[in-house]
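This report walks through a few local features of one chain. Helix packing comes first, then strand pairing, then two loop residues.

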Amino acid sequence: MKISKKIEQSQKEGKIWWSFEYFPPRTAQGLQNLLDRIERMRNLGPEFIDITWNAGGRTSELTSEMVRLCQGVIGIETCMHLTCTNMPKEKVDIALREAKKHGCRNILALRGDPPQGKEEWEAVEGGFVHGIDLVRHIHNEYDDYFDIAVAGFPQNLLLPPEECDLEIKYLKEKIDAGVNFIFTQMFYDVDIFIDWVKAVRAAGITIPIVPGIAPIQTWNGFLKATSLAKTKIPQSFMDALEPHKNDDEKVRAIGTKLVADMCRKILDADLGIQGLHFYTMNLEKGTKMLLQELNLVPRVETLKPLPWRQSLTPNRRQENIRPIFWANRAQSYLSRTENWDEFPNGRFGDSRSPAYGELDGYGVSLKQTAEEALKLWGEPKTFDDVAQLFSKFCLKKLSALPWSDQPVSGETSVISTELSRINQLGFLTINSQPAVNGAPSDDPKFGWGPGDGYVYQKAYLEFFVNPELLEILISEIEMDTKMTYYVINKQGDLRTNSHSEGPNAVTWGVFPGKEIIQPTIVEAISFMAWKDEAYELGVKWANIYETTSPSRKLIADLMDNSYLVNVVHNDFKDTKAIFEPFFKAGEKYASSRAKVNGSVQTNGDLN
């Protein structure tokens, strides 16, 4: 979605909004850590983020990759910086083509800083000389597909009047070339900013202006950033901060209040500005503290328009239904289906597609390195050791399992005790959700979608289980007509008691003025596609151990001999009913095993 449309929508709703800027890190580990941080900071409710091109244009490929991941995997609207520095026209065209491919609709067009090692800016052969040239080129090639932003410099107001007027004239020329909004450089003197906005408006510039806000993280960082950007520091800031310059925690606390006061003045100045753009410096705490100080809390529908994270790439923007099986492995789901021609009814599972069920294009891997996996899961020697790992995960005492890319969700706490128990009884759960009967759409645990709505869920469990215990469970399940199941083995033999050929909606929402939304489903086709990945993850876990080790044999045998099962209880009003057959089956199985073991012991005594 274009940022100008987001700003327009926020103005109509009278709401304050905010956004974050990040820059590409220098290392692969830094990139992964930043993506994890962006994922977390998404929960702070930014309307969009933007990714810089970096001084000298050295990180163009990394910027493009970050845009792809943020748009497609994290599912957050992303604005891409694009500079003229070290960028011949061919490189610019590649960057724009990739941005469009990834669903990016917003470009911040900049001349850029001088190339690394040079003090003066110079155009590269075949490149652009001024930011306005880049703006015109984007429009010539893509018409109005992209929203284009440019930079604004409030401190130009401190220049001699003739120079200031000339800078505003240049800015007006860029706007007239087809610019949709302005990001300003960081500043700390709010009066300069307000006066600059008024001067810009007086020059006939009417497009949205987005103030760039830099949280104060540390004393040295504050001085370095302001020196680099030649930012004027109000004396009141220096008086408040300098006495505590050796106490970074105190500097951050005081700086947060100073910058928050500045933000309040901007929002209250009747400038038509209702948004703040935070220069995070890839840090989390300072921005979070500022939002808390300003009492800016994200709305649930901003964070979770659906119960799963939407992708913003062009072929997925309308996707509104997914199978539940990849709930804990969203990136795998996206990667496995990214080249599909279409999503029939928004669903995974068109068996006519040449890409159906294909694993080769993505492959299956653990998120953890072998060393990290060993530290997490140790070296289990018995089935009980494995069951304890699964049980600990359900109780949030373990951060990951091979089948989950992240810790258990907040809603799992409602059923964590029951999940822990059935794992100890022999059902190794890899996915679950509790029954929900009409929770408000802004509920902190279960909520998603627009406000003033209600959300519903059927209880769902997915697990590995041995054949003997499975048969006891099936006999218990079949006594409850409200339960449906799918059972599949490693070879792909499917068994079910479902008489429906269509999908079973296990999550849905009812919202004012909308059709009922059913974003999460269970169905046979997608379960069969998921099966290969589910078993392969277990094999990958086994393979982190030495070939002859007991741990490797234990887990490999589990994968070879266990069934993968999913169970839905269709009475969403009964929150605990799904667990009763498991408790009964587990107790019967334990009793039968005890008898067998007792018989063996008795026979041994007789002999």
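At what angle do the axes of helix H18 and helix H19 cross? The model is predicted, and every value below is computed from it. The axes of H18 (residues 524-542) and H19 (residues 550-561) cross at roughly 170 degrees. They come within 8 Å. The crossing angle is over 145 degrees, so H18 counts as roughly antiparallel to H19. On the H18 side, the contact is made by Tyr535, Gly538, Val539, Trp541 and Ala542. H19 contributes Arg552, Ile555, Ala556 and Met559. By class, the residues of this contact divide into seven nonpolar, one polar and one charged. Arg552 is charged and Gly538 is polar under the classes used here.

**Strand pairing**

Strand E17 spans residues 504-510. E17 is mostly covered, with six of its seven residues buried. It pairs with strand E13 and with strand E18. The table sets out both pairings.

| Strand paired with E17 | Residues | Sense | Bridges | Opposite residues |
|---|---|---|---|---|
| E13 | 454-457 | antiparallel | four | Tyr454 and Val510 of E17 |
| E18 | 517-522 | antiparallel | four | Gly509 of E17 and Ile517 |

E17 and E18 form a hairpin with six residues between the strands. In that hairpin, Gly513 takes a positive phi near 70 degrees. As a general point, side chains in a regular strand alternate between the two faces of the sheet.

**Two loop residues**

Where does Pro503 lie? Pro503 is in the loop between strand E16 (494-496) and E17. Is Pro503 buried or partly exposed? Its relative accessible area is 35%, so Pro503 is partly exposed. Pro503 and Thr520 are 17 residues apart along the chain. Their C-alpha atoms are separated by 9.5 Å.

Thr231 also lies in a loop, between helix H8 (219-228) and helix H9 (235-241). Thr231 has a relative accessible area of 7%. The cut-off for buried is under 20%, so Thr231 counts as buried. Which residues does Thr231 touch, leaving out those up to four places away in sequence? Thr231 contacts Gln155, Met186, Phe187, Tyr188 and Thr226.

Set side by side, the two loop residues read as follows: Thr231 is buried at 7%, whereas Pro503 is partly exposed at 35%.

Definitions and conventions: Residues numbered from 1 in each chain as written. Predicted model: local features only at pLDDT ≥ 70, side-chain atom pairs only at ≥ 80, totals over all residues. Heavy atoms only, no water. Buried < 20%, exposed > 50% of the residue type's maximum accessible area, 1.4 Å probe, protein only. Contact = heavy atoms within 4.5 Å. Pairing = 2+ DSSP bridges. Axes fitted to C-alpha atoms, helices over the stretch in contact; angles between N-to-C directions. Parallel < 35°, antiparallel > 145°, perpendicular 65-115°, else oblique.
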